[in-house]
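Subject: Structure for you to look through

Dear colleague,

I am passing on the structure we talked about, and below it I have set out what was found. Please keep it open beside this message while you read.

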Amino acid sequence: MGYAKATWRVLVVAFLISVTLGTAAWGAPLARVEDLPHLMQLPIFQPGAPSLLYDDAGKVLGPIVPEYRIVLPLSRIPLKLRQAVIAAEDARFYEHGALDLKGIARATVRNIMSASVREGGSTITQQLAKTLFLTHERTIGRKVKELQLASELEQAYTKDQILGMYLNCIYFGHGAYGIEAAARTYFSKSVTELTLSETALLAGLPRAPGRYSPLIDIKRAKARRKYVLDRMVATGAIKQAQASRANLTPISVNPMFRSKGIAPWFVEYVRQQLEGRLGQIVVRHGELKIYTTLNAGMQRAAVKAISRGIAAIVQRKNERKEGGSVAPEGALIALDARTGEIKALVGGSDYSRSQFNRAVQARRQPGSAFKPLVYAAAFERGLSPRTILDDAPISFEIGTGHRSEAWAPENLDHRYRGPVTLRRALEESINVPTVRLISTIGIDPVIDLARRLGITSELRREYAMALGVSEVGLLELASAYQAFANRGSLSPPFAVRRVVGPGEIVLEEQFPQPQQVVREEIAFLLTSVLEGVVQRGTGRAAKRIGRPVAAKTGTSQAAEDLWFLGYTPSIVAGVWLGYDQHRSIGSHETAGKIAAPIWTDFMRQSLGDSPVEAFLPPEGVFPIFANQKTGQPTSSTDPEAIVEYVIQGQEEVLPSDVVLPITNASSPDVSGKEVLPPTPSR
């Protein structure tokens with residue numbers, strides 16, 4: 001017993017000497033009272049709450065900043081909650097100074113016995129000092145700085161002030177800093193509404209939020225709650241009977257942010273947009289209610305689709321022994337086809353690893369996903385899906401003078417098919433006829449249409465533009481497809497419907513701003529051809545949706561970028577896959593094999609059992625039977641007959657058995673479900 005007491009005294013004296021020597025012993029400069037900032041004026045201690053985001057159903061998504069803080073004066077924090085935290089973290093808080101010698105000695109012995117830093121024995125004041133000024137490294141040097149700063153805090157502030165600061169800034173897990181933020185995060189209520197059971201559960205979190213969170217491990221949370229209740233009994237805060245009743249209460253959480261973390265790229269996109277208009281302080285700490293366009297269900301579907309798709313790519317590469325240490329990235333964006341509202345946005349595979357938003361910020365070659373713009377421009381100049389182009393070798397002189405050289409576009413399969421219709425050329429994504437087409441109509445009409453469709457990226461003035469060599473963003477290309485889906489009416493994409501400030505003052509409100517940028521007839525002709533891409537062409541993987549879909553694949557040179565963009569009358573979605581540093585995803589890979597299944601996965605989850613809608617021809621467009629190879633009018637008995645569409649005034653005289661009556665469906669229904677016409681635009 002005497003040896004043990006002597007050991008304690010030696011350890012305590014040695015530790016206090018190290019604190020006294022401070023700078024000399026550890027080489028760390030010591031702070032002085034006058035060097036400390038006026039802590040109560042720091043932003044984290046200012047009254048108010050962070051701005052909150054809401055989804056399109058009016059449900060809370062989460063705070064606009066990762067750190068959720070709400071500051072309360074100590075007088076508004078219930079006594080039992082204060083007692084619970086003190087009992088769990090520092091039972092002698094009001095009795096000792098900056099450090100608790102008994103606690104320090106106990107922790108020091110355990111650390112020496114284990115030959116490592118395993119226990120801190122920190123007081124509430126020490127924890128506050130560490131939280132405000134230091135890192136979380138577990139070294140003796142850092143501990144010395146912590147103790148000295150804690151001593152300065154004790155001199156500068158009262159115990160109640162220190163406890164108030166501690167309860168308002170300590171981390172409780174899941175982004176919640178401070179006890180009020182924690183109460184709302186876990187139970188969707190204020191601290192004044194907490195039960196004893198809930199009080200004890202929250203008081204047990206600061207020690208290790210990731211370990212004791214009831215949202216992660218109920219069993220550990222329950223054990224930690226019992227520990228806190230027992231400590232409250234030991235300190236006289238509650239009676240044993242109260243503790244027993246609280247301990248028998250089942251743990252029941254009611255998270256305020258059920259969808260928090262599902263859309264980090266979207267949240268950051270919204271924050272940047274709003275800070276540019278309203279300012280950083282107002283957006284982050286102005287207690288705003290930000291009502292967004294995000295659909296939580298569609299966002300979850302997008303996250304799952306990208307995750308599963310990338311995992312499938314990695315598995316394919318491993319099976320082919322092409323695997324590497326780096327998995328490809330992916331992005332997905334979904335828009336309301338009628339309003340342009342952003343319904344889902346995934347900017348990469350892992351936000352914690354990379355915050356770069358590939359759906360918005362990246363510029364990549366879209367490959368054949370750009371071709372629909374070329375064909376739409378051709379339709380605007382009087383050509384039709386039945387127009388014949390020659391799929392035969394062609395070359396162009398590029399450059400001038402001594403630097404000129406021949407450029408000969410090739411088809412992906414290195415075959416030539418002879419005369420083909422525009423429909424077939426786009427459905428099968430044949431390169432050579434597409435280049436012939438842009439050489440026929442000219443580059444300027446395509447660029448003009450792209451600008452009308454909202455594409456702002458630089459477009460290279462060359463015939464290769466038709467094959468998607470100009471780099472564009474996923475959001476702007478999806479927005480262009482939105483105009484085709486919405487009968488030629490472009491509604492610029494937006495993410496925020498309304499921003500409401502304190503007192504329910506509306507600071508800003510956004511509405512769809514549709515502009516007719518393409519004639520309805522032209523948009524419908526293109527949509528009809530893109531339906532054929534899914535029925536007969538490179539996008540057949542999307543047929544699994546079982547409803548009318550218009551879409552296009554895009555595979556850039558060497559399969560560095562894989563795209564799939566498509567739409568129903570209600571949803572437009574685009575998928576991109578690739579590496580941040582340009583490299584091939586795989587020599588055998590195409591967008592139809594890899595990107596289309598991800599798009600299909602997302603759309604099937606998002607559409608669910610919603611009514612099936614068809615693309616209806618506008619007034620002045622009527623269906624006929626045409627031979628899919630020649631484009632010539634034919635009868636329904638022709639085995640090569642397909643439904644084609646003609647703009648009134650551009651048709652030749654047609655026999656009566658060629659013209660079809662206009663119905664609710666632009667193509668045969670493959671779903672077995674009732675097909676409904678599109679609902680009116682908002």
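F602 is a good place to begin: in this predicted model, and leaving aside neighbours within four places in sequence, F602 is in contact with M298, A301, A302, A305, L332, A334, A344 and A573. F602 also belongs to the largest nonpolar core, a set of 122 residues, and together with L577 it has the most contacts inside that core. In soluble globular proteins, nonpolar side chains tend to be buried together. Apart from this core there is a second, separate one of 59 residues, which includes F93, M165, L167 and V500.

One of the partners of F602 deserves a paragraph of its own, namely L332, which is found in strand β7, residues 329-336. Is L332 buried or exposed? Its relative accessible area is 0%, and because buried means under 20%, L332 counts as buried. Beyond its neighbours within four places in sequence, L332 is in contact with A302, I306, A344, L345, V346, A359, L474, G574, V575 and F602. L332 and L475 are 143 residues apart in sequence, yet their C-alpha atoms are 8.9 Å apart in space.

Two residues of the second core, M165 and L167, are also among the buried residues of helix α7. This helix covers residues 159-169, and nine of its eleven residues are buried, so α7 is largely enclosed by the rest of the structure. The buried ones are K159, I162, L163, G164, M165, Y166, L167, N168 and C169.

A charged residue can be followed in a similar way. R364 is found in the loop between β8 (342-346) and α16 (371-380), and R364 counts as buried because its relative accessibility is 6%. The side chain of R364 makes a polar contact with the side chain of H582, at 3.2 Å. Not counting residues up to four places away in sequence, R364 touches S470, E471, V472, E560, D561, W563, W576, Y579, D580 and H582.

Turning to the surface, V282, I505 and L507 make a nonpolar patch of about 250 Å². L507 lies in strand β15, which covers residues 505-509, and L507 counts as partly exposed because its relative accessibility is 42%.

Two residues other than glycine have a positive phi, and you may like to find both in the viewer. For H414, phi is near 60°; H414 lies in the loop between β11 (405-407) and β12 (418-421), and H414 is exposed, with a relative accessible area of 58%. For S429, phi is near 55°; S429 lies in the loop between α17 (422-427) and α18 (431-441), and at 14% relative accessibility S429 counts as buried.

Finally, here is the chain as a whole. The protein chain has 22 helices and 23 strands, and buried residues make up 54% of its 682 residues. Among contacts with a separation of 6 or more in the chain, 70% are between residues 24 or more positions apart. The accessible surface of the chain comes to about 30300 Å², and 53% of that surface belongs to carbon and sulfur atoms.

With best wishes

Conventions. Residues numbered from 1 in each chain as written. Predicted model: local features only at pLDDT ≥ 70, side-chain atom pairs only at ≥ 80, totals over all residues. Heavy atoms only, no water. Helix = DSSP H or I, 4+ residues; strand = E, 2+ residues; numbered from the N terminus. Buried < 20%, exposed > 50% of the residue type's maximum accessible area, 1.4 Å probe, protein only. Contact = heavy atoms within 4.5 Å. Areas by Shrake-Rupley, 256 points an atom, 1.4 Å probe, with all protein chains shown as cover. Polar contact = N/O pair within 3.5 Å; in protein donor to acceptor, adjacent residues only side chain to side chain. Core = buried A, V, L, I, M, F, W, Y, C linked by side-chain atoms within 4.5 Å. Patch = residues over 30% accessible without salt bridge, like charges linked within 9 Å, V, L, I, M, F, W, Y side chains within 5 Å. Salt bridge = Lys/Arg side-chain N within 4 Å of Asp/Glu carboxyl O.
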